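Here's a model to walk through by asking and answering. Have the structure open as you read.

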Amino acid sequence: HAEDLNYQKFQVTGEIRAGSESHDILGEGQAIRIFTGGKIPEGTTHVARQEIVSVISAQEICFVFQYTNDVKSLPRFPRQIEYSNVSKSYLTGTVEMNSQKSWPMSWAPKPNISISTMKTYQECPRKYWYDNAPTNVKNQFPRHYKLERNIAPDNMLIGSIVDETIKRDLRHYNTLRSWSDDLNKTAKLVFNEILDFSRDYLDIRDNPNRKIPFEDINPQMRIYYGEDYSEVEIQAKLSQVSNHLERYVRSDFRGFMETHSGYCWEIPRSITERPVPWFIANGMPIYASYDFIMYSEDRSHGYVIDWKTGRRTDESVESALDQMHIYAAFMNSYWHVPLDNIYVGAVWLESDGMPEFKPVDIVRIDGTYQKLSRHFSLISAKVAEGETADRLGRDVFPETTSEKTCLYCKYRSCNG
């Protein structure tokens, strides 16, 4: 039985890329990393998704199955809230619940909003449309737009590597009650996964017969548009990542987490396994892509924690607080932790020190809801117009007038 492998460690002997095979025979206690399209080697007894594997190092993994009997070690899933697959009244900006689908079993209905999508619309309505158009419209977009939608700009690379490395470190402790031995090795492994997928994405781009994959990894924009990273650039990126991880360790965040090891830790899982977290508030479907949430066994109190790799400014601090308050509202909605017992804090990795946890401010939540509500009303009407407009709604969502925004945009085939 697969569950018999739970918590067992395996030595990683190598990898098999798409279209390749290995002549090695896997022995007891051995595993090999295989890409989609690779040939399964002789001696294989199980094939496991990467989401149920905890990466200890580049050479060692541990299985962590969802259906473990050790309920304290893995995320818990309470009863589903009877929220929405929705009927929509776009023109009035309202959403009425009429069925019993909810996260984590379904994606948020469209249009949906978040702090980040609101910023995207303000920067460039056309980009927002390409990212968030309803499925019936998105399916009509040319293939190159669907490909471009998945790619990530270079300026997000450092944050993506740091984010995934910290999450693997937390999963490691939550599973084995020990921290990763070498975070830099883990970061290099994450970087290589991004580079490998980005390079394979070029073949997907150039081969119309290959299906566009739905993955957690975003291919890098530079590689997609023909400019790969040199070895010098890779080492420079890893050096920046290492600096952030050193501050993460020096902050004693790990020590803080050890004192809360009895809490239920909610570390975001793969979007290929479950949709992005969302909830209904004030009639709006809101995405809540939190970094980390934890709450006490009795759900009487909890914490929302975000790690930030960008510069700490007054504006970025305020934006982070708005985001974390939305995550706190999600925690209250889904896990029923009282709002007045939820604390929020950001780990700013450009500087040392533990986050200063603050109690949730109900007034800030209401204010953030009001901003999102105004945006939702506007977007709802625009989406309804865009669904029936000519040119697949492009004229309803004009491109930005900012040359700088266009210069760094992933949608290079756009008219802007």
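What follows is a set of questions and answers about this structure.

This is a predicted model, in which local features need pLDDT of at least 70 and side-chain atom pairs count only at pLDDT 80 or more, while totals for chains, interfaces and linings use all residues. Residues are numbered from 1 along each chain as its sequence is written, and side-chain values use heavy atoms, with hydrogens and water left out.

Q: What pLDDT does the protein average?
A: pLDDT is the predictor's confidence in each residue, from 0 to 100. Here 83% of the residues score at least 70. The average for the protein is a pLDDT of 83.

Q: Over which residues does pLDDT stay under 50?
A: Where pLDDT is low, the predicted coordinates should not be read in detail. The stretch in question still has 95 contacts beyond four places in sequence in the model, a contact being heavy atoms within 4.5 Å. It's residues 64-101.

Q: What share of the residues count as buried?
A: Buried means under 20% relative accessible area, exposed means over 50%, and partly exposed is in between (1.4 Å probe, protein chains only). The protein has 416 residues. Of these, the buried share is 49%.

Q: Which helix gives the largest share of the largest nonpolar core?
A: A nonpolar core is a set of buried Ala, Val, Leu, Ile, Met, Phe, Trp, Tyr and Cys residues joined through side-chain atoms within 4.5 Å. This one has 40 residues, and Phe 279, Ile 286, Val 304, Phe 330 and Trp 335 touch the most other members. Elements supplying at least two residues each include strand S8 (278-281), strand S9 (284-287) and helix H11 (362-388); helices (H or I, at least four residues) and strands (E, at least two) are DSSP runs, numbered from the N terminus. The largest share, 11 residues, comes from H10.

Q: Which residues form one aromatic cluster?
A: Rings of Phe, Tyr and Trp (its six-membered ring) pair if their centres lie within 6.5 Å; planes under 30 degrees apart count as stacked, over 60 as edge-to-face and the rest as tilted. Searching the whole structure turns up 29 aromatic pairs. The cluster is made of Phe 279, Tyr 290, Tyr 295, Phe 330, Tyr 334 and Trp 335.

Q: Why do Tyr 128 and Phe 397 tie together parts of the protein, and how many residues apart are those parts in sequence?
A: Their ring centres are 6.2 Å apart with the planes at 25 degrees, so this pair is stacked. Tyr 128 is buried, and Phe 397 is too. Because Tyr 128 lies in helix H2 (residues 125-132) and Phe 397 in the loop between H11 and helix H12 (403-407), the separation in sequence of the parts they tie together is 269 residues.

Q: What angle lies between the planes of Trp 265 and Phe 292?
A: Trp 265 lies in strand S7 (residues 264-266) and Phe 292 in strand S10, so the pair ties together parts that are 27 residues apart in sequence. Trp 265 counts as buried at 2% relative accessibility, and Phe 292 is buried at 0%. The pair is edge-to-face, 5.7 Å centre to centre, with an angle of 85 degrees.

Q: Which ring does the charged end of Arg 412 sit over?
A: A charge sits over a ring if NZ of Lys or CZ of Arg is within 6 Å of the ring centre and within 35 degrees of the ring normal. Elsewhere, the charged end of Arg 205 sits over the ring of Tyr 224, 5.3 Å from its centre. For Arg 412, the charged end is 4.2 Å from the centre of the ring of Tyr 225.

Q: Is Thr 186 buried or exposed?
A: Look for Thr 186 in helix H6 (residues 183-206). Beyond its neighbours within four places in sequence, Thr 186 is in contact with Thr 165 and Arg 168. Its relative accessibility is 3%, so Thr 186 counts as buried.

Q: Where is Leu 392, a residue other than glycine with a positive phi?
A: Phi of Leu 392 is near 55 degrees. At 24% relative accessibility, Leu 392 counts as partly exposed. Its place is in the loop between H11 and H12.

Q: To which proline does the cis peptide bond from Lys 110 lead?
A: Omega is near 0 degrees for this bond. The proline is found in the loop between strand S6 (94-97) and H1. It's Pro 111.
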